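Colleague: Please pick one part of this model and go through it closely with me. I'd like to hear how the pieces pack and pair, with the cut-offs spelled out as you go.

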Amino acid sequence: MTAIPLGVPRRLVGFTVDGQEARVPEGSTILDACRAAGKDVPTLCQGDTLTPKNACRVCVVEVEGARTLVPACSRKAEAGMEVRTDSERARHSRKVVLELLASSVDLSTTPKVAGWIKEYEAKPDRFGSDAARLDEEPKIDNELYVRDYDKCILCYKCVDACGDQWQNTFAISVAGRGFDARIAVEHDAPLTDSACVYCGNCIEVCPTGALSFKSEFDMRAAGTWDESAQEETTTVCAYCGVGCNLTLHVQDNEIVKVTSPHDNPVTHGNLCIKGRFGYQHVQNRD
Amino acid sequence: MDLHFGDSKPTDDERAAVDALLGPPDSSWEGAARDEMRAVDLRWARGGREARDRRDLLLPGLHAINDRVGWISEGALDYLCRRLTVPPAEAYGVATFYAMFSVKPRPATVLHVCTDLACAAAGAAELCAGVEARLGLGSGVSVERSPCLGLCERAPAALAIRAGDPVRTAVSAPASVEAAVLAASSPDSAPEEPPAVMAVPQAGDASLTLLGRVGVVDPSSLDDYRAHGGYTALRRAFALGPAGVIREVTDSGLLGRGGAAFPTGRKWQATASQPDHPHYLVCNADESEPGTFKDRVVMEGDPYALVEAMTIAAYATGAHQGYLYLRGEYPRALERMSRAIAQARARGLLGDDVLGQGYAFDIEIRRGAGAYICGEETALFNSIEGYRGEPRSKPPFPVEKGLFGKPTVENNVETLVNVLPILTMGAEAYAAVGTGRSTGPKLFCVSGSVARPGIYEVPFGATLGELLTLAGVREGLRAVLLGGAAGGFVRPDELDVPLTFEGTREAGTTLGSGVVMAFDDTVPLPRLLLRIAEFFRDESCGQCVPCRVGTVRQEEALSRIVERTGAAAADDIALLREVGRAMRDASICGLGQTAWNAVESAIDRLGAYE
């Protein structure tokens, strides 16, 4: 008989979201509760496999009695809390945050953001044409992936994935301060001189496409990237005995990118260099 | 952790600087030369958890290198990382966080010229231009425009730091071009700074409680401190016991003086009752709010008082280790406090058996390195722990999970020294001073357009007008900034505002850290606002979007309307209001939440662009 671990039973906490009663297991975040209730709260820096950093502040909601807005992604639901996800105050902050991001960062490959900008009536252009932007050139220093920090919203997900939350390689960190802060390896060196092991787990979590497969970057540059023409096939990596799941993204009978299912209980979307990038032999036609 | 280090090697100087702090390396695992590798090193790797537990020495290590060489090279950073088992990418992130460090070569001498509010009003722009003209390329001095140096009573100010062994510093304030150049080119022969008591215009007044010893005692002499009533409060604390001390502090109604006005007794009680151990005490002496210099004067003029007060706070809350996080731009306070702590240790007032009471407590000084944000309590913890000084999200609060994840009491210098009179006078007598809800004496940092700038001690409840009269406010007052860059402006016709936490709140402004900066009508207000906006842009840590980008957009809008008024400025003011509201509502910490306060008050109260 297979024993199914049930875990410690958790109490339910009752609170209200937009006037509706909600009950979630103790320790759940406001975001968990909102999603369970079918409410859409936008998120950027929140990741399903990472501890929330709550840096982007696009998920802020209003909690009765709190002086400031609170990030739904990381604030735990408390009994009796009155949460408003769609108040004028919360919508205003979300709108301004979207404007601030869109006016300084290239969000062209960030999923869903165009819809939110429309929904919240954000007008990033109103800061004027001379508003400071990141103005970064793509860093292409290896054959596997590209770091285009003009698209970086500094969500810290890649740093956390590379560091003690998953990979424990610590190849990247935030360097500098304020608006000049950037993700960098030590001494801002090329990736090839760094501690990077090319597992690509940072690409897996990047919410904006700032980190991308070189194959994707090149195809986008050539205008041939077409997600609607891609087929995704989840299979098992053949390299070692762990048996990680790979999701192969195939366009025109070529593997163009490899991801991994985040709900895999063993790997949580993480892979190593072989699983992530070692697919060329499959399609080598010579 | 499988760390990757580059091939760059430290110079002998850099290695010596790190080794002076950490001791020589035990093995080549920790960066000793390969040819010194012993047989045993080939069998066992060193480092691991033991080395990682020393992560908090990263910031002192960066200071050691920067002090010796003037900048932090790749080889030096890698060597420090090997010694502490810190990933070089993280250490690079930490080194580039602080304004006083450079990861690019620069001259050994850096002259920090303050261009902040009080200094700007006292001619910092001309000073800067003059100094830059004299100390160009090849002069061996790098001139850097600096945020407030905490020398506002002697504006304009400049601080020269010359790397070497030992590092040398010289303060020039009030600075002329000549004096600043002299300080930078030969810090050793620059004239001595005036004593701390020069910043206390009320000196000699027998009614002073917090400043009573400044200028009276020899700040280097423990005996002199004891002869003037020192250590009676600690004796009384031992007589009362920890719970008794907390009761006294709670009954006294003492509120935190760092700006947030949280009840100190409640904070102590919450920490003392935490089951998790050890508990830590942190004294926040990272006084960086533009216009604030009270903590510097206390530390320079009466350093033992802070040592005694920290001992009492630690005793009450069950801490055995205290950290004094001292602003990096305060060389004299560092010297005085280091000496005071060493003396107290030598005389059994710190150490394993304080005053023979069987209670162990010691204090370690940690220097900041030029980051306003590190005055935020949780950013300060990260800074001490050797991480980037970015605020943590709360909850959990420091009383539960603070420094090193343990229950921590963090208090401002002024808050702590208030504990001494509470214990010597008794809570009741202390609470009789001031008003019902703001008890005790309060230090105010008065600067700008006044005849006698400096630190003033007045009981809570005195009005702004009374304080300004005391300081000899000059004719033509246009505005008063309360609480520093994070505070707000008030008009000259609002001088009857009582200087209490509740009084300023009712008047729609804030007491903040006790800054009272007077500006006359010769100072163009839009320029001041732009300087405040530049300050927040420079000091934002960059963690959250509203503050990281919002402070930039605020500065851009203010620079567009610096010469405009009325309808020509209206669009940008509307934009400022929207961005300001989002910064206040959605930023992680107090920096972003208050970055728009002063500008908003100038628009609404002073009609800055009408």
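Modeller: Let's start with a helix pair in chain B: α4 (residues 58-69) packs against α5 (residues 74-84) at an angle of about 145°, and their axes are 11 Å apart. Bear in mind that this is a predicted model, so to speak: local features need pLDDT of at least 70, side-chain atom pairs count only at pLDDT 80 or more, and totals for chains, interfaces and linings use all residues. As for labels, residues are numbered from 1 along each chain as its sequence is written, while chains are lettered from A and ligands numbered from 1 in the order in which they are written.

The helices here are DSSP runs of H or I with at least four residues, strands are runs of E with at least two, and both are numbered from the N terminus. An axis is a line fitted to C-alpha atoms, for helices over the stretch in contact, and angles run from 0 to 180 degrees between N-to-C directions. α4(B) and α5(B) make a right-handed crossing; that word applies if the near helix is turned clockwise from the far one by less than a right angle, and anticlockwise would be left-handed. On the α4(B) side the contact uses B:Leu58, B:Gly61 and B:Ile65, and α5(B) answers with B:Ala76, B:Leu80 and B:Leu84. Contact means that the C-beta atoms of two residues, placed from the backbone, lie within 7 Å. Sorted by class, that gives five nonpolar residues, one polar and no charged. For the classes, Ala, Val, Leu, Ile, Met, Phe, Trp, Tyr, Cys and Pro count as nonpolar, Asp, Glu, Lys and Arg as charged, and the others, Gly among them, as polar.

Next in line, the axes of α5(B) and α6(B) (residues 88-95) come within 10 Å and cross at roughly 120°. That makes the two helices oblique to each other, the name for whatever is left once angles under 35 degrees are called roughly parallel, over 145 roughly antiparallel and 65 to 115 roughly perpendicular. The crossing of α5(B) and α6(B) is right-handed. α5(B) brings B:Leu77, B:Asp78, B:Leu80 and B:Cys81 to it, and α6(B) brings B:Pro88, B:Ala91, B:Tyr92 and B:Ala95. The tally for this contact is seven nonpolar, no polar and one charged. B:Leu80 turns up here and in the contact with α4(B).

Further along chain B there is an open sheet of four strands, ordered β2-β1-β3-β4, with mixed pairing. Two strands pair if DSSP finds at least two bridges between them. The edges belong to β2 (141-146) and β4 (168-172), each pairing on one side only, and from one strand to the next the twist averages 20°. Inside the sheet, β1(B) (109-114) and β3(B) (158-162) are antiparallel and share five bridges; B:Leu111 has B:Ala160 as its bridge partner in β3(B). Helix α8(B) (124-134) lies across β1(B) and β2(B), running at about 160° to β1(B). The loop between β2 and β3 of chain B holds B:Pro156, which is joined to B:Ala155 by a cis peptide bond with omega about -5°.

A second cis bond links B:His277 and B:Pro278, again with omega about -5°. B:Pro278 sits in the loop between α12 (264-272) and β5 (279-285) of chain B.

Then comes another open sheet in chain B, this one of five strands in the order β10-β9-β13-β11-β12, also with mixed pairing. β10 (454-459) and β12 (488-490) are at the edges with a single partner strand each, so each has one side without a neighbour in the sheet. On average, neighbouring strands are turned by 30° against each other, direction ignored. β9(B) (441-448) and β10(B) run antiparallel and are joined by six bridges, with a hairpin of five residues leading from β9(B) to β10(B). Across that pair, B:Phe444 stands opposite B:Tyr456, and B:Pro441 opposite B:Pro459.

Finally, the contact between the chains takes 38 residues from chain B and 40 from chain A. On the chain A side, α2(A) gives the most, with eight residues. That side divides into 22 nonpolar, 12 polar and six charged residues.
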